[in-house]
Amino acid sequence: MTTDVAPDQPIDPALRRLIWVLVLGALAPALDTTIVNVALAALGRALHAPVATTQWVITGYLLAMGTAMPVTRWASERLGSKRMWLGCLGLFLASSALAGAAWDITSLIVFRLVQGAVAGLMIPLLTTLLVQAAGPKRLGRMMSIAMLPVVVVSVFGPVLGGLIVSSLSWRWIFLVNVPLCLAGLVLAGRALPPDPPGRRESRLDLAGLMLLSPGLGLIIYGLAQAAGRHGFARPAAWIPIAAGLTLTGVFAVHAGRRRDQPLINVRLLRVRSLAASVGVLFLAGLSVYGPLLLLALYYQQVQGRSVLMTGLLLAPQGIGSLLPRAVAGRLNDRIGPRLVAVTGLILTAGGTLAFAWAGPDTSVWLLAGALFVRGADRKSTV
């Protein structure tokens with residue numbers, strides 16, 4: 001499908017169009033990772049639910065995403081990458097419309113679970129399609145383009161969420177995905193190459209799925225329960241976490257011993273460079289996406305900012321990530337990711353210090369500057 005090319009060779013226009021079509025399709029699930037954070041307090045007021053319940057609009061989305069990701073490889077091999085991509089877009093469109101029509105907090109959480117499961121399939125499938133189309137020599141530049149949805153929504157997602165909640169109904173937070181998914185469906189149907197005829201024989205590692213998906217779900221659930229008064233000392237927190245870690249550990253043993261199509265080939269982690277990359281991505285995701293919910297609540301509940309102002313105050317992180325986007329991709333292609341990633345992690349840690357001492361009267365300019373630094377460092381890391 002691809003040929004070896006020099007890192008500086010211009011990208012073929014047809015390939016570039018394909019990448020942009022995939023990026024458009026990925027915009028909707030990427031938007032859902034930021035736009036809802038700003039609106040969480042408004043959702044609680046509109047649906048008469050406390051924060052402890054409303055947070056499951058976000059936590060449930062992440063839980064479903066994590067449990068669905070492991071089956072992506074098997075599903076794409078059985079269904080074909082193009083059919084699966086189009087099917088996921090259609091399901092995300094339908095679940096977004098249902099979330100916009102939710103009649104209470106319970107129904108909204110259920111529809112968000114469906115959204116999260118579909119997003120969990122789309123994110124790794126996007127990476128697979130990019131690798132197949134770009135080849136290893138252009139992967140750095142392709143990934144810099146593919147990360148554009150995350151960059152764009154980190155700039156405009158919070159602001160758009162604030163605008164919607166301030167001037168429209170909260171339902172449009174989810175209904176805004178409908179035209180994006182429709183456009184993605186039409187363009188992907190034309191641009192994506194057809195799947196090869198027939199289906200590849202691929203067996204689902206059912207035992208691995210029954211270990212890993214509940215394990216990840218229990219860990220996420222336990223972490224969500226740790227937000228209460230007694231933190232991790234609560235049985236409702238540490239018992240699910242312990243059970244989830246146990247199931248995940250048993251899965252690692254199972255996958256390491258299974259030779260025939262394991263759900264995840266954990267033996268690849270014996271390659272030190274790959275294991276280090278996975279660890280860096282985990283830490284980068286933890287440091288970047290973890291604070292998004294807390295920052296939105298901090299600005300609204302601690303500093304008393306409006307929803308729209310909260311969106312504007314969160315935008316500097318996305319603006320910072322725009323600047324080094326192309327440079328980071330080329331540096332990865334030229335000198336490798338090690339130095340770029342280590343430098344980004346160090347600077348991310350420095351940009352986080354301002355939030356360790358943040359209070360009701362902390363300068364918004366100081367926090368905006370710290371967010372800008374974190375955004376620029378995130379692009380170098382991820």
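The paragraphs below lead from the overall make-up of this predicted model to its cores, contacts, salt bridges and surface.

Residues are numbered from 1 along each chain as its sequence is written, and side-chain values use heavy atoms, with hydrogens and water left out. Since the model is predicted, local features need a pLDDT of at least 70 and side-chain atom pairs count only at pLDDT 80 or more, whereas totals for chains, interfaces and linings use all residues.

The protein contains 19 helices and zero strands, helices (H or I, at least four residues) and strands (E, at least two) being DSSP runs numbered from the N terminus. Of its 382 residues, 49% count as buried, where buried means under 20% relative accessible area, exposed over 50%, and partly exposed in between, with a 1.4 Å probe and protein chains only. Contact here means heavy atoms within 4.5 Å, and among the contacts between residues at least 6 apart in sequence, 80% join residues at least 24 apart.

Confidence varies along the chain, as given by the pLDDT, the predictor's confidence in each residue on a scale from 0 to 100. The average pLDDT of the protein is 78, and 78% of the residues score at least 70. Among the elements, helix α6 (residues 81-100) has the highest mean pLDDT, 93, and helix α17 (residues 325-335) the lowest, 59. Over residues 1-7 the pLDDT is below 50, and this stretch has 12 contacts in the model beyond near neighbours in sequence. Where pLDDT is low, the predicted coordinates should not be read in detail.

The interior can be approached through its nonpolar cores, a nonpolar core being a set of buried Ala, Val, Leu, Ile, Met, Phe, Trp, Tyr and Cys residues joined through side-chain atoms within 4.5 Å. The largest has 40 residues, and those with the most contacts inside it are Val36, Leu108, Trp170 and Ile173. Helix α2 (residues 35-47) supplies the largest share of this core, eight residues. Leaving aside neighbours within four places in sequence, Val36 is in contact with Leu43, Val57, Ile58, Arg112, Ile173 and Phe174. Apart from this core lies another, of 39 residues, which includes Val21, Cys88, Leu93 and Leu130.

Arg112, one of the contacts of Val36, also takes part in one of the two salt bridges that a search of the whole structure finds; a salt bridge is a side-chain nitrogen of Lys or Arg within 4 Å of a carboxyl oxygen of Asp or Glu. The partner of Arg112 is Asp32, and the closest N and O atoms are 2.8 Å apart. Because Asp32 lies in the loop between α1 (13-31) and α2 while Arg112 lies in helix α7 (residues 105-134), the pair ties together parts that are 80 residues apart in sequence. Asp32 is buried, at a relative accessible area of 2%, and Arg112 is likewise buried, at 1%. In the other salt bridge, Glu77 pairs with Arg73, with the closest N and O atoms 3.3 Å apart. Both of these residues lie in helix α5 (residues 72-79), four residues apart, about one turn of the helix. Glu77 is buried at 16% relative accessible area, whereas Arg73, at 32%, counts as partly exposed.

Helix α6 offers two further positions to inspect. Ser96 is found in this helix and is buried, with a relative accessible area of 0%; not counting residues up to four places away in sequence, Ser96 touches Gln115, Phe174, Leu175 and Asn177. Ala94, also found in helix α6, is partly exposed at 36%, and its C-alpha atom is separated by 7.9 Å from that of Val178, 84 residues apart along the chain.

At the surface, the accessible area of the protein comes to about 18400 Å², of which 71% belongs to carbon and sulfur atoms, as computed by the Shrake-Rupley method with a 1.4 Å probe, only the protein chains shown counting as cover for residues. Leu268, Leu269, Val271, Leu274 and Val278 make a nonpolar surface patch of about 400 Å²; such patches are made of residues with over 30% relative accessible area and no salt bridge, like charges being joined within 9 Å and nonpolar side chains (Val, Leu, Ile, Met, Phe, Trp, Tyr) within 5 Å. Within the patch, Leu268 lies in the loop between α13 (235-257) and α14 (272-302) and is partly exposed at 46%.

A last local feature concerns the backbone. His48, in the loop between α2 and α3 (51-54), has a phi near 55 degrees, a positive value in a residue other than glycine. Most residues other than glycine have a negative phi. His48 is exposed, with a relative accessible area of 73%.
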